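Open the model in a viewer, show it as a cartoon, and keep a selection box ready. The stops below say what to select next and what is there.

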Amino acid sequence: MPDSAAEAVICGAGIAGVAAAYYLAKGGLKNIVVVEQGDPLSLTSDKSTEAYRNWWPGPDGHMIAFMNRSIELLEAIAQESANRIHLNRRGYLYATADASKIPMLAEAALDTAQKGAGALRVHSQSQSSYQPSPAQGFDPGLEGADLITNLALIRQHFPYLTPGTRAVLHVRRAGWLSAQQLGMYLLEQAREHGVRLVRGEVVGVETMGGAVQSVEVRRDDGSTETLETPIFINAAGPMQKQVGRMLGVELPVFAERHLKMSFSETLGVVPREAPMLIWMDEVELPWSLEERLLLAEDESARWLLQKFPAGVHGRPDGLGDSTTLIVLYNRHTEPAEPTFPIPPDPHYADIALRGLSVMMPGLQRYFEKAPRPWIDGGYYLKTQENRPLIGPLPVRGAYLVGALSGFGVMAACAAGELLAAHVTGTALPGYASAFLLSRYQNPAYQALLQNWGDTAQL
C-alpha cells in the first residue's frame, strides 16, 4: 500500500489515539496512520492525576465493568513491561468531616460494590481487619472498598487528616501510574506493528456515497497531503467536536478547563506512601483574620471568602527521593471553548493549597512561604452524564473514541480495545452499547438522563 493510502487514519496521538492504534494493530490492521499536530501525549494526556479506579456510581454497572477491563489490561502491560508504567494500587481515600454523610456514603458504596466494584467492608470498631495498601506494586488481592467510621482507626492509619474527619472510604482497586510511560509503550508497540505517525493537522475528511474516502492533512511546512482510507477515527481529545463537524456530525459534548498544581512538599506532611486523597466536603478557605478583613474590603477578591465545592484532591508523585505533591481543585465546571495555551488562573495555586489544607491542616505551614508551584492544565471533553463515546459515527467508516473527560488515562486501554472491536467486527463486550453515540436517540435513555445523579467527576 503506498504512503498516500492507509487502512485507517486516526486523528490525534493522545492516550486515546495511541491506544486505538495499538489495539487496531493487534487486531490485524497493517497500515495505520496516526496524525498529530504536536508531540504525542502532550496536549491533555499528561495533565491529569494519572490515576485509575473501578469505583463508579451510576444507574448501572457499565462504567465499572468498563474500568475493570481497562485495569486488567493495565496490569497485563505492567507485568509484561517489568512495570515500566509504574502502576501501583494504593487506592483512593474519600474522607469527610460531616457525620451526617456517613449513611449516604455507606448506601452509595454498597450500591457500587453490588454493581461489580468488589465487596464493601465496614470497620466501626478499633479492632479491625483493615489492611493498608502497599506503597508499590499492584496486588490483585486488593478489591472492593473499606468504609472506616471508627475514629481511633482513622487516626491510627491516617494521622495526617484533620482531627475532625468522621469517615473515610478506601477504594482498593485504584491507584495511579505514569501516563507518559503508558502512552509511549503503546506507541512503541504500535509502531513495531507498522503504525506510522504523521506530523500535521487533519483539515478535512472526504466522503462519497455516505462513506469515508480520504483524509486531508496539512503538514507542518504548510503542504497538504491526501490519505486515501476507508476508516477514519476521531480521537482528537478536546478538539473532537470540531473534527466531528468535518463529517457533518454534531457531537453532544462540551469542554471544561481543568488545572493541576504541584510543588515540592519538603515538610513531609503527606506521607510518600499515601493513597489518592479526596475531600468530600465543601470548604471555606482558611484565611487569617487580617486576610479576611482585607479580602472583604476588596470587591474583586471578596469571592475568595465564599464556600468552595467539594472534591479537592491530591497525591504524592514520583519515586525515590521525590517530594512532589500534586493538587487538583476543579472549580471551573462551566463549558469553555478550548484555547491553547491554557488561560492562566492567578489564584489557582493558593486556592488549591488552602483547599487541601482543610483536609490536611499540616499543609498550612506552607502558607507563609510556599515553594514555587508548577501549574499546567488541559480540557476535559465530556458528555452530559460523563460517559465516553466509543463506536461508529453516522458516516460509514467513521468512528469516535472520545469524551473521556478526566478518566482518559485509566480508560484508554479498554477504550482502544472496544474501538478496535467495532472497527474489525469482533465480539463486543456487554458494556459496548452504553457508550454508543446512538444511545441519545433512545427515549428511555433520554428520560434516564433527567435524573442521572452523581457523574463521578473529580
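The tour covers a helix, a pocket, a cavity, some backbone geometry, a few distances and the cysteines. Keep in mind throughout that this is a predicted model.

**Stop 1: helix H3**

Select residues 102-117, which make up helix H3. Put a distance label between the C-alpha atoms at its two ends: they are only 19 Å apart. With 16 residues, a straight helix at 1.5 Å a residue would reach 22 Å, so H3 falls short of that span.

Now colour the buried residues of H3, which are Ile102, Leu105, Ala109, Thr112, Ala113 and Ala117. Turn the view to look down the axis of H3: these buried residues fall within an arc of 105 degrees, so they line one face of the helix. Then colour Pro103, Glu107 and Gln114, which are exposed and sit on the face of H3 turned away from the buried side.

One more residue of this helix is worth a click. Asp111 lies in H3 and is partly exposed, because its relative accessibility is 32%. Draw a line from the C-alpha atom of Asp111 to that of Glu216: the two are 105 residues apart along the chain and separated by 48 Å.

**Stop 2: the second largest pocket**

Stay with H3 and switch on the pocket display. Which element gives the most to the lining of the second largest pocket? The answer is H3, with seven residues. Strand E13 (254-264) and strand E14 (276-279) also give two or more residues each to this lining.

The pocket holds about 810 Å³ of space. Its lining has 33 residues; to find the centre, select Tyr94, Met280, Asp454, Ala456 and Gln457, which lie nearest to it. Colour the lining by class and you get 17 nonpolar, eight polar and eight charged residues.

**Stop 3: the largest cavity**

Keep Asp454 and Ala456 selected, since both are also among the residues that line the largest cavity. Add Trp56, Pro57, Met63, Glu385, Asn386, Arg387, Trp452 and Thr455 to complete that lining. The space inside is about 40 Å³. How many cavities of 30 Å³ or more are there? The count comes to one. By class, the lining has five nonpolar, two polar and three charged residues.

**Stop 4: backbone geometry**

Most residues other than glycine have a negative phi, and most peptide bonds are trans. The next three selections depart from this pattern.

- Select Glu50, in the loop between strand E2 (32-36) and strand E3 (51-53). Its phi is near 60 degrees, a positive value in a residue other than glycine. Glu50 is buried, because its relative accessible area is 12%, under the 20% cut-off.
- Select Ala82, in the loop between helix H2 (62-80) and strand E4 (92-96). Ala82 is not a glycine either, yet its phi is positive, at about 55 degrees. Buried or exposed? Ala82 is exposed, with a relative accessible area of 71%.
- Select Phe340 and Pro341, which are joined by a cis peptide bond with omega at about 0 degrees. Pro341 is in the loop between strand E18 (324-328) and helix H8 (348-359).

**Stop 5: two more distances**

Go to Val249, in the loop between helix H6 (240-245) and E13, the strand already met at the pocket. Val249 is buried, with a relative accessible area of 8%. Label the C-alpha to C-alpha distance to Pro394: it is 7.5 Å, although the two residues are 145 apart in sequence.

Then select Lys26 in helix H1 (residues 15-26). Lys26 is exposed, because its relative accessible area of 52% is over the 50% cut-off. From Lys26 to Ala444 the C-alpha atoms are separated by 36 Å, and the two residues are 418 apart along the chain.

**Stop 6: cysteines**

Finish with Cys11 and Cys413. Cys11 counts as buried at 8% relative accessibility. Cys413 is buried as well, with a relative accessible area of 0%. How many disulfides does the model have? The count comes to zero.

Notes. Residues numbered from 1 in each chain as written. Predicted model: local features only at pLDDT ≥ 70, side-chain atom pairs only at ≥ 80, totals over all residues. Heavy atoms only, no water. 1 Å grid on protein atoms, 1.4 Å probe; cavity = no way out; pocket = protein on both sides within 12 Å on 5 of 7 lines; lining within 4 Å. Points joined across faces, edges and corners; volume = space filled by probe spheres on them. Nonpolar A, V, L, I, M, F, W, Y, C, P; charged D, E, K, R; others polar. Helix = DSSP H or I, 4+ residues; strand = E, 2+ residues; numbered from the N terminus. Disulfide = S-S within 2.5 Å. Buried < 20%, exposed > 50% of the residue type's maximum accessible area, 1.4 Å probe, protein only. Expected span 1.5 Å × (residues − 1). Arc of directions from axis to C-beta.
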